[in-house]
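The exercises below are meant to be worked through with the sequence and the model side by side. Try each task before reading its solution.

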Amino acid sequence: QVQLVESGGGLVQAGDSLRLSCAASGRTFSSYTMGWFRQAPGKEREFVAAIAWTGGSTYYVDSVKGRFTISRVKNTVYLQMNSLKREDTAVYYCAAKWRGNYYDEMNYEYWGQGTQVTVSS
């Protein structure tokens with residue numbers, strides 16, 4: 001059974017940092033692109049970051065460039081979030097895909113349950 005389990009969310013103040021983790025199990029994800037998405041209250045889920053299976057290519061939504069860093073070690077993916085802002089408040093989801101572009105959630109086959117990140121001012 002394939003599982004993606006996120007952890008590391010929490011309540012922080014603006015300007016603080018958090019690191020999210022996503023542990024993947026149940027199969028080998030070495031050939032999968034891993035992504036992070038987020039969904040804020042009342043909004044649609046949006047792409048945040050992705051990392052190719054080689055780990056050499058990373059992608060970010062413009063709003064987090066320079067503040068967030070995605071990385072992976074074997075079957076664990078991390079999202080280091082620095083200089084957090086109130087608008088980063090959302091449920092963050094880890095996902096894995098085999099094919100298709102990295103920013104479209106419809107291409108992702110596997111999803112975690114999400115972890116809440118709340119940034120207060």
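**Exercise 1.** In this predicted model, find which residues Q13 is in contact with, leaving aside its neighbours within four places in sequence.

*Solution.* Setting those neighbours aside, the contacts of Q13 are V119 and S120. To place Q13 itself, look at strand β2, which covers residues 10-13. As a check on distance, compare Q13 with G42: the two are 29 residues apart in sequence, and their C-alpha atoms are 22 Å apart in space.

**Exercise 2.** Find which cysteines form a disulfide, and state whether they are buried or exposed.

*Solution.* The count comes to 1 disulfide, and it is formed by C22 and C94, whose sulfur atoms are 2.0 Å apart. The link joins distant parts of the chain, since C22 belongs to strand β3 and C94 to strand β9, with their positions 72 residues apart. The angle about the S-S bond is -75 degrees, and the link is left-handed. As for their surroundings, both C22 and C94 are buried.

**Exercise 3.** Determine which members of the largest nonpolar core touch the most other members.

*Solution.* This core has 28 residues, and those that touch the most other members are M34, W36, L79, M81 and Y92. The elements that give it two or more residues are β3, β4, β5, β7, β8, β9 and β11. Taking Y92 as an example and leaving aside its neighbours within four places in sequence, its contacts include W36, L79 and M81, together with E6, L20 and V117. Another core, of 5 residues, lies apart from the largest one and has F37, F47, A50 and Y108 among its members.

**Exercise 4.** Explain why the pair of Y32 and Y110 counts as tilted, and find how Y93 and W111 are arranged.

*Solution.* The structure holds 10 aromatic pairs. The ring centres of Y32 and Y110 are 6.1 Å apart and their planes stand at 45 degrees, so this pair is tilted. Y32 lies in the loop between β3 and β4, while Y110 is in strand β10, 78 residues away in sequence. Y32 counts as buried because its relative accessibility is 5%, under the 20% limit, whereas Y110, at 22%, counts as partly exposed.

Turning to the second pair, Y93 and W111 are edge-to-face, with 6.4 Å between centres and 75 degrees between planes. Y93 is buried at 15% relative accessibility, and W111 is partly exposed at 26%. Finally, R45 lies over the face of both rings, at 5.0 Å from the ring centre of Y93 and at 3.9 Å from that of W111.

Note on methods:
Residues are numbered from 1 along each chain as its sequence is written. This is a predicted model: local features need pLDDT of at least 70, side-chain atom pairs count only at pLDDT 80 or more; totals for chains, interfaces and linings use all residues. Side-chain values use heavy atoms; hydrogens and water are left out. A nonpolar core is a set of buried Ala, Val, Leu, Ile, Met, Phe, Trp, Tyr and Cys residues joined through side-chain atoms within 4.5 Å. Buried means under 20% relative accessible area, exposed over 50%, partly exposed in between (1.4 Å probe, protein chains only). Helices (H or I, at least four residues) and strands (E, at least two) are DSSP runs, numbered from the N terminus. Contact means heavy atoms within 4.5 Å. A disulfide is a pair of cysteine sulfur atoms within 2.5 Å. Rings of Phe, Tyr and Trp (its six-membered ring) pair if their centres lie within 6.5 Å; planes under 30 degrees apart count as stacked, over 60 as edge-to-face and the rest as tilted. A charge sits over a ring if NZ of Lys or CZ of Arg is within 6 Å of the ring centre and within 35 degrees of the ring normal.
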